[in-house]
Amino acid sequence: GHMRILRRSSPEPLGVQCAMSSARAVSAEERRHLEHGIAALGPWFHNFEIAMGVWTNPTGAGPGPDYPARRWIHVAPWFADIPGKSCLDVGSSSGFFSLKSAELGASSVLGTDSGEQIRATEQASFARSALGLNSEFQNVSVYDLPQLGRSFDVVLFMGVFYHLRHPLLALEAIRKVCRGTMIFQTITTPHRKRLREMAGVARDV
């Protein structure tokens with residue numbers, strides 16, 4: 001197994017959106033039904049397309065209408081290996097990264113969230129149904145992942161690490177269920193110090 005580390009060194013592009021190729025055309029009645037469901041399940045942390053022209057957070061409440069697009073533009077290259085792989089999305093929130101993994105051809109997708117974000121798994125399940133994608137969502141703490149009794153080829157661990165009270169315990173739990181690659185995103189503090197590289201670890205940190 002290995003961990004992929006992505007360094008953001010360029011300005012965030014403008015106008016990026018989380019469009020979904022699985023988004024289908026819907027009738028006016030279906031659109032009203034979806035928009036009602038989106039409103040009932042709000043607020044949404046992820047803004048993405050669940051039907052053609054229907055977005056989950058178009059007004060930009062919370063992190064804004066360009067989230068998670070501003071993250072997706074940086075991590076998308078790492079998803080090239082997703083097809084045919086089993087995928088676990090830790091801290092799946094409203095489900096964009098889980099559903100994008102399914103859309104890109106993951107053999108199976110499980111999104112887990114601890115329940116801190118209200119209705120996150122309900123939102124993700126609603127979006128899954130609208131898009132017709134094969135994925136599963138559960139309320140599971142990162143510390144309890146080994147209790148799933150499953151292992152995964154790819155584990156997405158993005159935007160979670162810096163929220164945790166026991167981050168190293170979380171990494172130990174993930175290691176027990178990851179048999180391949182972990183895509184890990186977190187926040188770092190800029191500094192001028194140089195780190196001594198560890199053998200076998202990516203140097204672009």
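These legends walk through several close-up views of a predicted model.

Residues are numbered from 1 along each chain as its sequence is written. In this predicted model, local features need pLDDT of at least 70 and side-chain atom pairs count only at pLDDT 80 or more, while totals for chains, interfaces and linings use all residues, and side-chain values use heavy atoms, leaving out hydrogens and water.

**View 1. Helix α4 is largely enclosed by the rest of the structure.** Helix α4 covers residues 120-131; helices (H or I, at least four residues) and strands (E, at least two) are DSSP runs, numbered from the N terminus. From first C-alpha to last, α4 reaches 17 Å, close to the 16 Å expected at 1.5 Å a residue, where the expected span is 1.5 Å times one less than the number of residues. Of its 12 residues, 9 are buried, so the rest of the structure largely encloses α4. Here, buried means under 20% relative accessible area, exposed over 50%, and partly exposed in between (1.4 Å probe, protein chains only). Look for Phe126 and Leu131 among the buried residues. Their cover includes helices α1 (28-41) and α3 (96-103), along with strands β2 (49-51), β5 (108-113) and β6 (136-139). Just after α4 comes Gly132, with a positive phi near 70°.

**View 2. Asp89 is a buried acid without a salt bridge.** You will find Asp89 in strand β4, residues 86-90. Its nearest side chain of opposite charge is Arg71, 8.2 Å away. For charges, Lys and Arg count as positive and Asp and Glu as negative, with His and the chain ends not counted; a salt bridge needs a side-chain nitrogen of Lys or Arg within 4 Å of a carboxyl oxygen of Asp or Glu. Leaving aside residues up to four places away in sequence, Asp89 touches Phe97, Ser98, Leu110, Gly111, Thr112 and Leu156 (contact means heavy atoms within 4.5 Å).

**View 3. Cis peptide bonds precede Pro43 and Pro68.** Most peptide bonds are trans. The bond from Gly42 to Pro43 has omega near 0°, and Pro43 sits in the loop between α1 and β2. Between Tyr67 and Pro68, omega is about 15°; Pro68 belongs to the loop between β3 (54-55) and α2 (69-75).

**View 4. Ser93 and Arg119 have positive phi without being glycines.** Ser93, in the loop between β4 and α3, has a phi of about 55° and is buried, with a relative accessible area of 6%. Arg119, in the loop between β5 and α4, has a phi of about 65° and is partly exposed at 30% relative accessible area.
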